[in-house]
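Work through the exercises below with the structure in view. Try each task before you read its solution.

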Amino acid sequence: MSDNDNQITRLVEKARTGNKNSLEQLVDYFYGDIFRMVYYRIPSRMDAEDLTQEIFMQMIKSLLNLKDSSLIRPWLFRLALNRIRDFHRKKSILSFFGSTGEIDVDVQVKSDNHPDPIKNLMQKEFKLQFQKFTESLSRWEREVFILRFLDQLEIKEIVQILKKNENTVKTHLYRAVKKLRWNSELHDLLRGEES
Amino acid sequence: MKNQEIHLNEDQMIRAVVDENDLTTSERNHLSRCSVCQKEKQEFEQALTRLGDISKELVPLPRRRFIPAVQGSRSSLRWRPAMAAGFIVVLLMIAIWWTWLFTRFQENGSLQLTQKVESDQQFMAGITFIEDDALPDRYLDIIGSSNDDDYDVYYDDEFLEFILPL
């Protein structure tokens, strides 16, 4: 376990005793990662922000249920994944009843815009290619691939988040990577970025 | 030349990227010796790492900061299930009351209809009686027939000539 991991574990233990300062530090430490995770799984930035807040509210409420403080990272990601699933379920129910609650596309694009026009273009192109690629994957391939390479989690952490067998996770990952290598413009985009 | 023949193939390369420990010992040995395969694997891994880096670069900063202790909103959230349950109970009560009211209205309606039919029948019987016996009994006596059978007065030619002489 690295020093950073030890420090996080200590923060979790203090936060569980009701130390507000440790809780704030813990939130600050994970907020960016969780927001990024939600942002790339939900089309609307506003929804992503709301959902991230809800995830941390739930984290605070359920922190006492966490048995092993060293597992805070996979535990939090699992909690976030469940909330994202709930969000998509709720959205599909709403769209079934004809009330999607979607915001205007123009407003959405403007609110997502990066101040730098070049970065803005890159952001749009990346999001488009990323979305195209992930749509070509099966549910578990997509989940495992994003957790591994976008959220940059270790395979062992993914196993804990998804509560799946390590070999199953690797198989899904293998299939997703194969699709990326052969059938994806995203791979070209990433290779282009490198050179 | 022999080295070229045993380069890692596509599947082996992907397996190496997913988890190098999943390769067989001979494949791992080749990878550790072969610069071509190492380069290919490194490039592929860099592309995948780049995916995470770009996503970090391009994600916008969240506009709102999270404030850990929000007691008010939490306590209001606790009431939500109770409020929903209460709302459902009220809805059920309205539905039951409405059904009862509707049934009662239907019963009242059929009773009123029967009474109306009876009164109509009585009314029509009265009209029929008046049609048949337009004159009260007193006048029937004057014209010489209080009996229904004798009521139709026969106007013979003699009588008509008396009224309208030709």
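**Exercise 1: Two loop residues**

A:Lys163 counts as exposed because it has 8 C-beta neighbours inside 10 Å. The cut-offs are these: a residue is buried with 20 or more other C-beta atoms within 10 Å of its own, exposed with 12 or fewer, and partly exposed in between, with C-beta atoms placed from the backbone. This is a predicted model, where local features need pLDDT of at least 70, side-chain atom pairs count only at pLDDT 80 or more, and totals for chains, interfaces and linings use all residues. Residues are numbered from 1 along each chain as its sequence is written, and chains are lettered from A and ligands numbered from 1 in the order in which they are written.

Task: Place A:Lys163 and A:Gln152, and give the phi of each.

Solution.
1. A:Lys163 lies in the loop between α8 and α9 of chain A. Helices are DSSP runs (H or I, at least four residues), numbered from the N terminus.
2. Its phi is near 55°, a positive value in a residue other than glycine.
3. A:Gln152 lies in the loop between α7 and α8 (155–162) of chain A.
4. A:Gln152 is not a glycine either, yet has a positive phi of about 55°.
5. Most residues other than glycine have a negative phi.
6. A:Gln152 has 17 C-beta neighbours inside 10 Å, so it counts as partly exposed.

**Exercise 2: One helix, one side**

Task: Check the length of α3(A), then find where its buried residues lie.

Solution.
1. At 1.5 Å a residue, the 18 residues of α3(A) should span 26 Å. The expected span is 1.5 Å times one less than the number of residues.
2. The end C-alpha atoms of α3(A) are 25 Å apart, which agrees.
3. The buried residues of α3(A) are A:Arg45, A:Ala48, A:Glu49, A:Leu51, A:Thr52, A:Ile55, A:Phe56 and A:Met59.
4. They cover an arc of only 170° around the axis, so they sit on the same side of α3(A). The arc is that of the directions from the helix axis to the C-beta atoms.

**Exercise 3: A helix pair**

Task: Which residues of α2(A) and α4(A) meet, and of what class are they?

Solution.
1. From α2(A) come A:Phe30, A:Ile34, A:Met37 and A:Val38. They meet A:Leu76, A:Phe77, A:Ala80 and A:Ile84 in α4(A). Contact requires C-beta atoms, placed from the backbone, within 7 Å.
2. The contact has eight nonpolar, no polar and no charged residues. Nonpolar covers Ala, Val, Leu, Ile, Met, Phe, Trp, Tyr, Cys and Pro; charged covers Asp, Glu, Lys and Arg; the others, Gly among them, are polar.

Note on methods:
Contact = placed C-beta atoms within 7 Å. Helix = DSSP H or I, 4+ residues; strand = E, 2+ residues; numbered from the N terminus.
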